[in-house]
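Hi everyone, thanks for coming. I'll walk you through one structure today, so have a look at it before I start talking.

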Amino acid sequence: MSEGLRERKKRQTRERISRVATALFVERGFDQVTIAEVAEAAEVSVNTVYNYFDTKEDLVLPPDEASPDRLAAIVRARAAGVPAVRAVLDHLREEVRRRDRRVGLTEGFGRVLEMMRAAPTLTARLGELAEQMTDALAAELAAETGAAPGDPLTRVVAWHLGSVHSLVYAEIGRRVTAGEPPDAIATSVLALLDTVEQLLGERILGYAIREDKPCSE
């Protein structure tokens with residue numbers, strides 16, 4: 001279904017507020033900028049900012065992009081015949097290849113990263129988000145495979161994928177901070193993902209193969 005005019009305008013407003021806020025945070029520091037100042041710079045009311053973002057942290061980490069459901073959603077969307085772990089690895093590779101902003105492979109991300117690292121509430125939010133992603137993925141795998149309550153396998157697989165996801169972001173962050181250009185970072189991260197896949201055992205790589213959906217669905 002195509003995006004309607006109203007939905008497009010709302011999305012554009014949300015993106016503009018987030019973009020303006022992030023620029024202010026980078027320039028002056030996250031804790032030194034108020035919501036009122038963000039609203040003024042974005043030429044909207046304070047109420048409008050809160051209509052789109054529940055918290056100040058959401059301005060930097062929008063829930064639709066920094067979602068606890070991110071890994072679980074990737075697994076749910078995989079094609080028939082594809083195991084869960086390979087689906088996530090392939091999805092990460094695709095994001096890296098297209099220099100997706102979700103993984104920080106855009107010009108200027110280094111300054112954004114420095115700003116985030118200097119803000120305790122943002123670093124705490126990132127830590128919580130990583131845990132929530134792993135929990136949501138474990139629940140998704142358990143539901144899909146019909147695992148018995150307490151079965152540790154779903155937690156182990158989810159932990160591996162959550163760790164790989166965190167490793168990719170840590171590697172990108174390290175290289176961004178060192179001043180490497182996006183293309184060079186992408187090449188290194190793709191090699192990292194290849195190494196991860198080589199080291200994972202077949203039991204994990206072949207876990208939770210997606211079955212064909214019944215035609216009635």
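Okay, one thing up front: this is a predicted model. Let me begin with a contact that's fun to find on screen. Look for Phe30, and you'll see Lys56 lying over the face of its ring, 4.5 Å from the ring centre. As for rings meeting rings, searching the whole structure turns up one aromatic pair.

Now let's go inside. The largest nonpolar core has 59 residues, and the ones that touch the most other members are Phe25, Met115 and Leu141. Which helix gives this core its largest share? That's H8, with seven residues.

Let's zoom in on Leu141. Leaving out residues up to four places away in sequence, Leu141 touches Val75, Ala84, Thr154, Val157, Ala158, Tyr207 and Ala208. Keep Ala208 in mind, as we'll come back to that one.

Met115, also among those core residues with the most contacts, brings us to helix H6, which runs over residues 109-117. Buried residues here are Phe109, Gly110, Val112, Leu113, Met115 and Met116. And what covers them? The cover includes helix H1 (5-28), helix H7 (120-145) and helix H8 (152-177). If you want a rule of thumb for reading helices, an α-helix has 3.6 residues a turn, so residues three or four places apart point the same way.

Next, the pocket. The largest pocket holds about 1,200 Å³ of space. It's lined by 40 residues, and closest to its centre are Val60, Leu61, Arg102, Phe109 and Met116. You've just met Phe109 and Met116 as buried residues of H6. H1 supplies the largest share of the lining, seven residues. Helices giving at least two lining residues each include H4 (70-76), H6, H7 and H8.

Last topic: backbone angles. Most residues other than glycine have a negative phi. Here are two with a positive value. Glu43 has a phi near 60°, and this residue sits in the loop between helix H2 (35-42) and helix H3 (46-52). Ala208, our contact of Leu141, has a phi near 55° and is found in the segment after helix H10 (202-205).

So are these two buried or exposed? Glu43 is exposed, because its relative accessible area is 73% and the cut-off is over 50%. Ala208 counts as buried, because its relative accessibility is 12%, under the 20% limit.

That's my tour, and I'm happy to take questions.

Methods. Residues are numbered from 1 along each chain as its sequence is written. This is a predicted model: local features need pLDDT of at least 70, side-chain atom pairs count only at pLDDT 80 or more; totals for chains, interfaces and linings use all residues. Side-chain values use heavy atoms; hydrogens and water are left out. Buried means under 20% relative accessible area, exposed over 50%, partly exposed in between (1.4 Å probe, protein chains only). Helices (H or I, at least four residues) and strands (E, at least two) are DSSP runs, numbered from the N terminus. Contact means heavy atoms within 4.5 Å. Rings of Phe, Tyr and Trp (its six-membered ring) pair if their centres lie within 6.5 Å; planes under 30 degrees apart count as stacked, over 60 as edge-to-face and the rest as tilted. A charge sits over a ring if NZ of Lys or CZ of Arg is within 6 Å of the ring centre and within 35 degrees of the ring normal. A nonpolar core is a set of buried Ala, Val, Leu, Ile, Met, Phe, Trp, Tyr and Cys residues joined through side-chain atoms within 4.5 Å. On a 1 Å grid over the protein atoms alone, a cavity is a set of points where a 1.4 Å probe fits but cannot get out, and a pocket is an open set with protein on both sides within 12 Å along at least five of seven lines; lining residues have an atom within 4 Å of a point. Grid points are joined across faces, edges and corners, and a volume is the space filled by probe spheres set on the points.
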